[in-house]
Each structure stands twice: as C-alpha cells, then as structure tokens.
Amino acid sequence: MDQTEKLLMGIENVLSIAAELVDEVSRLKDVEEECRILKEKLFLKQFTKAEKEVFALALDGHSISEMQKILYKQEDTIKTQRRSILQKLNASSMSEAVQQFKNIS
C-alpha cells in the first residue's frame with residue numbers, strides 16, 4: 001500500500017468519524033429540545049387551566065384589561081388568578097414570573 005492509498009484511507013476514516021459526530025450533535029440537540037419542552041410542561045403543571053390561560057397572555061405581554069377582553073373575565077378574576085400564579089412561583093411581579101419561565105429554557 002503506497003502513501004496515497006494510506007492518505008486516502010486516513011481521510012475516509014476522518015470523514016466517517018466526522019459524520020458520526022454530526023449525527024450525535026443532531027441527536028443531542030433533539031434531546032435538549034425535548035428537555036426544554038418537559039421543563040416547560042412541568043413548570044406550567046402547577047397552574048390551573050384558568051391560570052395557564054392568564055399566564056400565556058402574560059407571556060405575550062398582555063395587560064389585565066386586554067386579558068379581560070380576550071378571556072371574557074372580570075378584572076377581579078384576572079387579578080385573583082395572577083395573584084395565585086405569583087404565590088405559586090414565589091414571585092413579586094408578573095414580569096418576574098415571566099422571567100422565571102423564560103429562564104428554564
């Protein structure tokens with residue numbers, strides 16, 4: 001076997017290993033995305049259905065009055081649900097609660 005053949009075999013070996021690494025990186029990215037989704041689901045699991053609706057709107061930056069119009073609920077109801085969310089997260093503001101959610105990703 002001459003030097004050229006050895007070099008070609010070496011290159012083929014390196015390319016094979018590189019392809020395996022690319023596949024592994026892709027798999028790890030998929031696992032990372034699955035973990036992020038599971039963390040989000042676990043985070044949201046502590047809320048009632050109504051609280052999830054309010055929190056989703058808070059994530060989108062909606063005000064209480066906008067939430068009232070979207071959810072067809074009274075201001076006091078929205079405020080009560082927001083207060084409950086804050087208590088469950090031990091947060092002092094809705095922006096802090098939203099930041100907690102964003103930090104899990």
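Axes are lines fitted to C-alpha atoms, for helices over the stretch in contact, and angles between N-to-C directions run from 0 to 180 degrees. This is a predicted model, in which local features need pLDDT of at least 70, side-chain atom pairs count only at pLDDT 80 or more, and totals for chains, interfaces and linings use all residues. Residues are numbered from 1 along each chain as its sequence is written, and side-chain values use heavy atoms, with hydrogens and water left out.

**View A. Packing of helices α2 and α3.** Helix α2 (residues 49-59) packs with helix α3 (residues 64-71) at an angle of about 130°, and their axes are 10 Å apart. Helices are DSSP runs of H or I with at least four residues, numbered from the N terminus. The angle makes α2 oblique to α3; angles under 35 degrees count as roughly parallel, over 145 as roughly antiparallel, 65 to 115 as roughly perpendicular, and the rest as oblique.

**View B. A salt bridge between Glu 51 and Lys 88.** The closest N and O atoms of this pair are 2.7 Å apart. Glu 51 lies in helix α2 and Lys 88 in helix α4 (residues 75-89), so the salt bridge ties together parts that are 37 residues apart in sequence. A salt bridge is a side-chain nitrogen of Lys or Arg within 4 Å of a carboxyl oxygen of Asp or Glu. Glu 51 is buried at 5% relative accessibility, whereas Lys 88 is partly exposed at 35%. Buried means under 20% relative accessible area, exposed over 50%, and partly exposed in between (1.4 Å probe, protein chains only).

**View C. Salt bridges within helices α1 and α2.** In helix α1, the side chains of Glu 24 and Arg 27 meet at 2.7 Å, N to O. These two residues are three apart in the helix, and therefore separated by about one helical turn. Glu 53 and Lys 49 form a salt bridge at 3.3 Å, N to O, and are four residues apart in helix α2. Lys 49 is exposed at 63% relative accessibility, while Glu 53 is partly exposed at 28%. The structure holds seven salt bridges.

**View D. A nonpolar surface patch with Ile 11.** Leu 7, Leu 8, Ile 11 and Leu 15 make a patch of about 400 Å². Patches are made of residues with over 30% relative accessible area and no salt bridge; like charges are joined within 9 Å, and nonpolar side chains (Val, Leu, Ile, Met, Phe, Trp, Tyr) within 5 Å. Ile 11 belongs to helix α1 (residues 3-45) and is partly exposed at 41%.

Key
Accessible areas come from the Shrake-Rupley method with a 1.4 Å probe; for residues, only the protein chains shown count as cover.
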